[in-house]
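Hi everyone, thanks for making time this morning. I'd like to walk you through one chain, and then stop at a few residues along the way.

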Amino acid sequence: MALDRQHVIERLEGPGGSRDLSGLDLTGADLSRMDLRGADLSGALMEAADLSGALLDRAKLNRAMLAHARLIGTRLVEADLRECNLGAAQIARAD
């Protein structure tokens with residue numbers, strides 16, 4: 001079952017504050033305007049997720065599935081996008 005926005009927030013801000021989101025199913029999740037700087041999202045399933053306005057600087061997105069994702073105004077400075085699937089993703093005004 002895919003995690004939603006609230007589960008991601010709880011994981012980031014909960015006890016221990018883990019930024020390891022690798023391999024998680026975030027399909028269709030609303031992650032817009034979230035601060036995910038330095039997060040490990042490698043291998044995460046984020047198909048059709050909304051990452052508009054999200055901060056993903058230095059995030060690890062290698063092998064992540066971002067097909068059909070929305071990346072409008074998303075910051076990706078120094079993000080690792082190796083082998084990332086961006087097929088049919090909406091990308092505009094991304095940094």
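Let me begin with a term I'll need shortly: a polar contact here is a pair of N or O atoms within 3.5 Å, where, within protein, one must be able to donate a hydrogen and the other to accept it. Please also keep in mind that what you see is a predicted model.

With that in hand, let's go to T74. You'll find T74 in the loop between β1, residues 70–72, and β2, residues 90–92. Its side chain reaches the backbone oxygen of L51 at 2.6 Å, which falls within the 3.5 Å cut-off I just gave.

Is T74 buried or exposed? T74 is buried, and its relative accessible area is 0%. And which residues does T74 touch, leaving aside those up to four places away in sequence? There is a group made of L51, S52, G53, A54 and L56, and then R93, A94 and D95. So L51 turns up twice, because the T74 side chain reaches its backbone oxygen and because L51 is also among the residues T74 touches.

Now let's step back to the whole chain. The secondary structure amounts to one helix and two strands, and from the N terminus the order is α-β-β. The radius of gyration is 12 Å, close to the 12 Å that the globule rule gives for 95 residues, so the chain is as compact as a globular protein of that length. Along its principal axes, the C-alpha trace spans about 35 × 25 × 20 Å.

How much of the chain is buried? Buried residues account for 39% of the 95. As for contacts between residues at least 6 apart in sequence, 6% of them join residues at least 24 apart.

On the outside, the chain exposes about 5,100 Å², with carbon and sulfur atoms supplying 48% of that. For those of you who think in charges, there are 12 positive and 15 negative side chains, and the centres of the two sets lie 4 Å apart.

Two backbone details before I finish. Most residues other than glycine have a negative phi. R63, in the loop between α1 (5–13) and β1, has a positive phi near 65°. At 49% relative accessibility, R63 counts as partly exposed. A88 has a positive phi too, near 60°, and sits in the loop between β1 and β2. A88 counts as exposed, at 55% relative accessibility.

That's my tour, and I'm happy to go back to any of these residues.

Note on methods
Residues are numbered from 1 along each chain as its sequence is written. This is a predicted model: local features need pLDDT of at least 70, side-chain atom pairs count only at pLDDT 80 or more; totals for chains, interfaces and linings use all residues. Side-chain values use heavy atoms; hydrogens and water are left out. Helices (H or I, at least four residues) and strands (E, at least two) are DSSP runs, numbered from the N terminus. The radius of gyration is taken over C-alpha atoms; the globule rule is 2.2 Å times the number of residues to the power 0.38. Buried means under 20% relative accessible area, exposed over 50%, partly exposed in between (1.4 Å probe, protein chains only). Contact means heavy atoms within 4.5 Å. Accessible areas come from the Shrake-Rupley method with a 1.4 Å probe; for residues, only the protein chains shown count as cover. Lys and Arg count as positive and Asp and Glu as negative; His and the chain ends are not counted. The place of a charge is taken as NZ of Lys, CZ of Arg, CG of Asp or CD of Glu.
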